[in-house]
Amino acid sequence: MKENFRQSMKWFHTWVGLIVGWVLFFMFLTGTLGYFYQEITRWMEPERPFIEHNISNERLLDIAQNYLSEHAQGVDEWDIMLPNARDQNLRVGWRKPPAAGAKRGKYQKTVLDISTGDKVDSRATGGGRLLYRMHYRLHYLPTKISYWLVGFCSMLMLLAVITGVVIHKKIFTDFFTFRAKKGLVGWLDIHNVLSVIALPFHFMITYSGLLFFLFTYMVLSSNLQLSDDEYSEMRKEIFPRTSHLESANEPKDMLKISHLYQQAKNTWQADELSYVEVFAANDINAQAQFVRHETDITYNPHDAVMVNAVTGEVIIQAPKEYTVSGMIHNGFFSLHEGQFAGPIARWIYFITGLIGTAMIASGLILWTTKRRPKQMKKLNGPDFGYRLVEQLNIGTIVGLPIAIAMYFYANRLLPIELSNRVNWEANVMFISWAILLLYPAFRPATKAWREQLQLAALVYMALPLVNILTTDKHIINSVLQQDWLLVAFDLSLFIIGACFAFSAYKYKTLTLDKKQLTKAAKARATKTKGVVVDKSLLPLQAMHRENS
Amino acid sequence: MSNLIANLNFSSARWSVFSRVLAATFGGYVLATSSSLFIGKLLLPTLGANQAIHIGLLLSFLVYACAAMWVFSVSSAGKAWLGLIKFNLSLVVLTWLLMLFFEVSV
């Protein structure tokens, strides 16, 4: 394509990154927020009570069992999710028997108030789940189309990551050279540092993302090699499940789940329950499975203890058998989702995800920075393509975070009784994004950047205040109740806002600097020689010297 | 009309890029598929059918990526197409030979 392989790949990297850069930015940002989806959901349901400290797992199990025995009779499965670091409320869920013709019954989930033992009526909200699902469901599009679109974008991302490594001559020495200059060199270095610092993560997250839809994307190959039966057989081998008994339709009282829990405690030698699944509740075949927080990236059979809920005996289950390729496949899923991660690892995941997001953003900005000097010299102003990229950059890189804040505002401000409230929360987000994408078309680029950065600072810093005005789960009460999850959430919003404020301030001083410098240089050049020097091509130090 | 046809200069850089995009997208996909068929047969005796096929599929994205990079590195779009066809044909033939070989050995 070009003179040599590296040059060709450089060209390829540029265009592969540009063409879907904004979709990738959206996928990376919403996906990164997914590492805190439970926390986001908790914040978006302010009707839930504050954390209750020092309540034994046994008491929680009793409360849940009382509620479920009364409200979830004759269902296939009960789930009891205990409060944990990510969600400090007691939650229960159950699956209704499938309706005629359906494969699986409807799943219902509710939060229980520990002090009353009754359910909490929360506002209708999509919560963190809807937000993180957007990163592969793209919200408005039909399922099939969004899966293929996401696959296409991920494939280009994979290409961008690989070509990015290839075009880098001195990947490790470059990592230690950061030239904190303005303009092209500065952005190139930022892009390099962000890419190299988390390179294994970028590769892992992209490749594993593709694996989630392996059989969808490689449908031609799998259809050529496997019949439908062989395919489902193969899936069972790759994703083995433990089996449990079906209901025998013979009612029988179960033992107390809190009593059965002793068996799991004995096995683990610890009190670290995460959730309980009860199959065929109050039936002669009733079984309860106690599961603790995952302790292994791949699989630890001792993380789950199955107990006969009628007799109280431990049921020894054959551990799930993984094939080597299945282990690799599941290992990548595990790494992608980070379910095993404790609080510190979760924050590392979150920050690494943000680094990936920023890497994409810096690449997009680099594209315009590189072309700006040439474009600014054009007689009729910059090309349409250049302006479009600049506009999409402003509207996405700063616009999307603002739109996500609007999602949170919608949660607090939309009328509680609004029908279709869940959809409207998301609509508010996408309408805001659309406006912010259009806005830069009517403003000079530097002004649009600055104004949107200022707006982002404002909306994020004001969110905790709006929270104080609209709910009783605000930062003051959270501190008083020592509900640190809610405290951290409000604080994070404020810190994000402060970061945007700092960027807006920095951006302002930088652009002002430049403007004054160019003005001075122009005046000098025309006064002394009458020859116009192209200021934008002068390095900044030279301009400083000229200026002084 | 003749003017229009004259404007369709197939050797221009734009056409070359367009042709390569098609080659990388579709040719690359077919190559990813045929490579997975080949690996599925190659690993069959050591790992069994399911794992062999699975590994072939797992690797197919990497093959796809390499193919796309290769298409954009060679000197002309025609070369890229020709290369893809050659690779694909050889993989299909090799797969077929492996099938024959295993049938005989079983």
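Student: Which residues are buried in H3(A)?
Tutor: Heads-up: this is a predicted model in which local features need pLDDT of at least 70, side-chain atom pairs count only at pLDDT 80 or more, and totals for chains, interfaces and linings use all residues; side-chain values use heavy atoms, leaving out hydrogens and water. Residues are numbered from 1 along each chain as its sequence is written, while chains are lettered from A and ligands numbered from 1 in the order they are written. Helix H3 of chain A runs over residues 37-44 and is mostly covered, with helices (H or I, at least four residues) and strands (E, at least two) being DSSP runs numbered from the N terminus. With buried meaning under 20% relative accessible area, exposed over 50%, and partly exposed in between (1.4 Å probe, protein chains only), the buried ones are Tyr37(A), Gln38(A), Glu39(A), Ile40(A), Thr41(A), Arg42(A), Trp43(A) and Met44(A).

Student: And what share of the residues in chain A is buried?
Tutor: Chain A has 21 helices and seven strands, and its C-alpha trace spans about 100 × 60 × 45 Å along the principal axes. Of its 548 residues, the buried share is 48%.

Student: Which backbone oxygen does the side chain of His336(A) reach?
Tutor: His336(A) sits in helix H14 (residues 324-337) of chain A and counts as buried because its relative accessible area is 14%. Skipping neighbours within four places in sequence, its contacts include Tyr35(A), His135(A) and Phe212(A), where contact means heavy atoms within 4.5 Å. At 3.4 Å, the side chain of His336(A) reaches the backbone oxygen of Ile205(A).

Student: How many residues apart in sequence are the parts tied together by Lys265(A) and Glu58(A)?
Tutor: The two side chains meet in a salt bridge at 2.7 Å, N to O; that term takes a side-chain nitrogen of Lys or Arg within 4 Å of a carboxyl oxygen of Asp or Glu. Glu58(A) is partly exposed, since its relative accessible area is 21%. Lys265(A) is in helix H13 (residues 257-268) of chain A and Glu58(A) in helix H4 (residues 57-71) of chain A, so the separation bridged in sequence is 207 residues.

Student: Is Asp87(A) buried or exposed?
Tutor: Asp87(A) shares a salt bridge with Arg91(A) at 3.5 Å, N to O. Arg91(A) has 6% relative accessibility, so that partner is buried. Asp87(A) has 3%, so the verdict there is also buried.

Student: Which helix of chain A holds Arg372(A)?
Tutor: Glu390(A) and Arg372(A) pair up in a salt bridge at 3.6 Å, N to O. Glu390(A) is buried because its relative accessible area is 8%, whereas Arg372(A) is partly exposed because its value is 28%. The pair links distant parts of the chain, 18 residues apart: Glu390(A) is in helix H16 (residues 384-413), and Arg372(A) is in helix H15 (residues 343-376).

Student: How many disulfides turn up over all chains?
Tutor: The search looks for a pair of cysteine sulfur atoms within 2.5 Å. For a feel of where cysteines sit, Cys153(A) is buried because its relative accessible area is 2%, while Cys499(A) is partly exposed because its relative accessibility is 47%. Over the whole structure, the number of disulfides is zero.

Student: On to the partner: what pattern does chain B follow along the sequence?
Tutor: Chain B has five helices and zero strands. Of its 106 residues, 44% count as buried. Read along the sequence, the pattern is α-α-α-α-α.

Student: Which three residues supply 25% of the area that chain B buries against chain A?
Tutor: Buried area here is the accessible area (1.4 Å probe) that two parts lose on being put together, summed over both. Between chain B and chain A that comes to about 2,800 Å², with carbon and sulfur atoms giving 76%. The trio, supplying more than any other three residues, is His54(B), Phe61(B) and Met69(B).

Student: How many residue pairs are in polar contact across the interface of chain B and chain A?
Tutor: There are zero salt bridges across this interface. A polar contact is a pair of N or O atoms within 3.5 Å; within protein, one must be able to donate a hydrogen and the other to accept it, and residues adjacent in sequence count only if both atoms are side-chain atoms. With both residues at pLDDT 80 or more, the number of pairs is eight.

Student: Which helix gives the largest share of the side of chain B that touches chain A?
Tutor: In all, 27 residues of chain B are in contact with 35 residues of chain A. Helix H2 (13-42) and helix H4 (49-71) of chain B each supply at least two residues of that side. The largest share, 15 residues, comes from H4(B).
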